[in-house]
Amino acid sequence: MRTVGSIISRYGMGMAILCLASAALAAPLGEFVVYKAEGGPCSGLCQPGANITGATLSGLLYSPKRPGKTGVVLAPQGQGGFIDGLHDYNPLAQRLTDAGYYLLLANMRTASGWSYERFESALPDVAAAVATLKKRGVENVILLGTSLGGPRIAYYAYKSNDPSIKALIFMSSITSPYLEGRARLSKEKIAAFDAFLDKARRLVRDGKGNDMVCFNYFQATGDGFCEPGGRGSTMSAASFLSMFGGPTDSDVNLTNYAGQTKVPVAVVHSKHDEVSHQEIGQGIYDAFSNSKHRDLVWIDEPSISHYLSPGLAANRYAEEVTKWLVKNVPSK
């Protein structure tokens, strides 16, 4: 069965109204919101001359019964859609709103395709989500990232230096696709991936950064190479380096700058995460060495892994995130 969020994300407002009506008794109600993200030069480790265009984005906003001044922006996993069929955010929305927090599940522009996008587009995309909360009277913002959403929120906090950001929470997060792969992939697959990255770098150096390339990063066997459009991630060479490259290729690697972040940090991570292994969770915590306060919260249940799947996993992640927030950044 599709979740309310998945129907909103896929089909838009019309179907959302029907879905929300039928699910009103089963899940907290969210408001479908649309907002603009700005464009501009791509800063950081972007390829020379790269620009970020403006974009129209959408999200699902949950409001507490007694609105306060504190809200949470969730930057999602993977390609950047807040519902991908693997995560159930309803328990999180229910617990946070019950505790007095707003929650905005924010789509990234890459949700509709990332073949030519740069990781650094997370900066204007998260900024637009934060601005949307502020228009509701929110003054204190917590950024929450799942999986690749972790680097997205870390990058925004680093580049924006926004004083309204009061904490960062990394829930089932990664340091970057490249770095989590160092822990998860076989030596043979890592060697093949490094060779593929070298190919992408050569294309960029030769002025062919828009040439399409393909690699199956999650395939357990084989070298991962694929023809563009095949069973793998097909992207331009420049975009692939931006999303999957090493620390010198892209600021997708939060270890490049996490040490400059001062706000409180929580890492909520399963000891049985099959994608982002324990050492990655520990690595995120270690990277924020200059945070005013940081906690590493381990989830122990063997059946809970990387995904906030419906049931125990979604509820346990929601429980630990809310508990940490209530203690460290109370809603006001």
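Start with the second largest pocket of this predicted model, whose lining is made up by class of six nonpolar, four polar and four charged residues. The space inside this second largest pocket comes to about 310 Å³. To find it in the viewer, select Ala157, Asn161, Asp162, Lys262 and Val263, which are the closest to its centre of the 14 residues that line it. Two elements, helix H5 (149-160) and strand E8 (165-173), each supply at least two residues of this lining, and H5 gives the largest share, with three residues.

Keep Asn161 selected for a moment, since it is one of the residues closest to the centre of that pocket. Asn161 sits in the loop between H5 and E8, and it is exposed, because its relative accessible area of 65% is over the 50% cut-off. Its backbone also deserves a look, for the phi of Asn161 is near 50°, a positive value in a residue other than glycine. Most residues other than glycine have a negative phi.

Which other residue has a positive phi, near 55°, although it is not glycine? Select Ser147, where phi takes that value, and notice that Ser147 belongs to strand E7 (residues 140-147). Is Ser147 buried or exposed? Ser147 is buried, because its relative accessible area of 10% falls under the 20% cut-off.

Now turn to the enclosed spaces, of which there are two cavities of 30 Å³ or more. The second largest cavity holds about 40 Å³ of space, and you can outline it by selecting Leu45, Cys46, Gln47, Arg118, Glu120, Ala238, Ser242, Asp249 and Ser250, which line it. The lining of this cavity divides into three nonpolar, three polar and three charged residues.

Next, display helix H6 (residues 177-184) and colour Pro177, Tyr178, Glu180 and Gly181, which are buried. These four cover an arc of only 165° around the axis, so they lie on the same side of H6. What covers the buried residues of H6? The cover includes helix H7 (187-205), helix H8 (237-244) and helix H9 (278-287), so showing these helices together with H6 brings the arrangement into view.

From Tyr178 you can move to Asn253, because Tyr178 is among its contacts, and Asn253 itself has 0% relative accessibility and counts as buried. Asn253 is placed in the loop between H8 and strand E11 (265-270). Leaving aside neighbours within four places in sequence, Asn253 is in contact with Thr175, Ser176, Tyr178, Leu179, Gly245, Gly246 and Pro247. For one of these, Gly245, draw a distance to the backbone oxygen, which the side chain of Asn253 reaches at 3.3 Å. Then add Tyr155, which is 98 residues from Asn253 in sequence but 8.9 Å from it in space, C-alpha to C-alpha.

Follow the chain to Ser276, in the loop between E11 and H9. Ser276 is buried, with a relative accessible area of 0%. Not counting residues up to four places away in sequence, Ser276 touches Ser173, Ile174, His269 and His306. Which backbone oxygen lies 2.6 Å from a polar atom of the side chain of Ser276? That oxygen belongs to Ser173.

Another loop to visit is the one between strand E9 (212-215) and strand E10 (233-236), where Asn216 is found. With a relative accessible area of 18%, Asn216 is buried, because this value is under the 20% cut-off. A polar atom of the side chain of Asn216 lies 2.6 Å from the backbone oxygen of Arg231. Arg231 is also listed among the contacts of Asn216, together with Lys189, Gly224, Cys226 and Gly232, when neighbours within four places in sequence are left aside.

End the tour at Thr132, in helix H4 (residues 122-134). Thr132 is buried, with a relative accessible area of 11%, and apart from neighbours within four places in sequence it is in contact with Tyr35 and Leu104. Finally, select Lys36 alongside Thr132: the two are 96 residues apart along the chain, while their C-alpha atoms are separated by 9.2 Å.

Definitions and conventions: Residues numbered from 1 in each chain as written. Predicted model: local features only at pLDDT ≥ 70, side-chain atom pairs only at ≥ 80, totals over all residues. Heavy atoms only, no water. 1 Å grid on protein atoms, 1.4 Å probe; cavity = no way out; pocket = protein on both sides within 12 Å on 5 of 7 lines; lining within 4 Å. Points joined across faces, edges and corners; volume = space filled by probe spheres on them. Nonpolar A, V, L, I, M, F, W, Y, C, P; charged D, E, K, R; others polar. Buried < 20%, exposed > 50% of the residue type's maximum accessible area, 1.4 Å probe, protein only. Polar contact = N/O pair within 3.5 Å; in protein donor to acceptor, adjacent residues only side chain to side chain. Contact = heavy atoms within 4.5 Å. Arc of directions from axis to C-beta.
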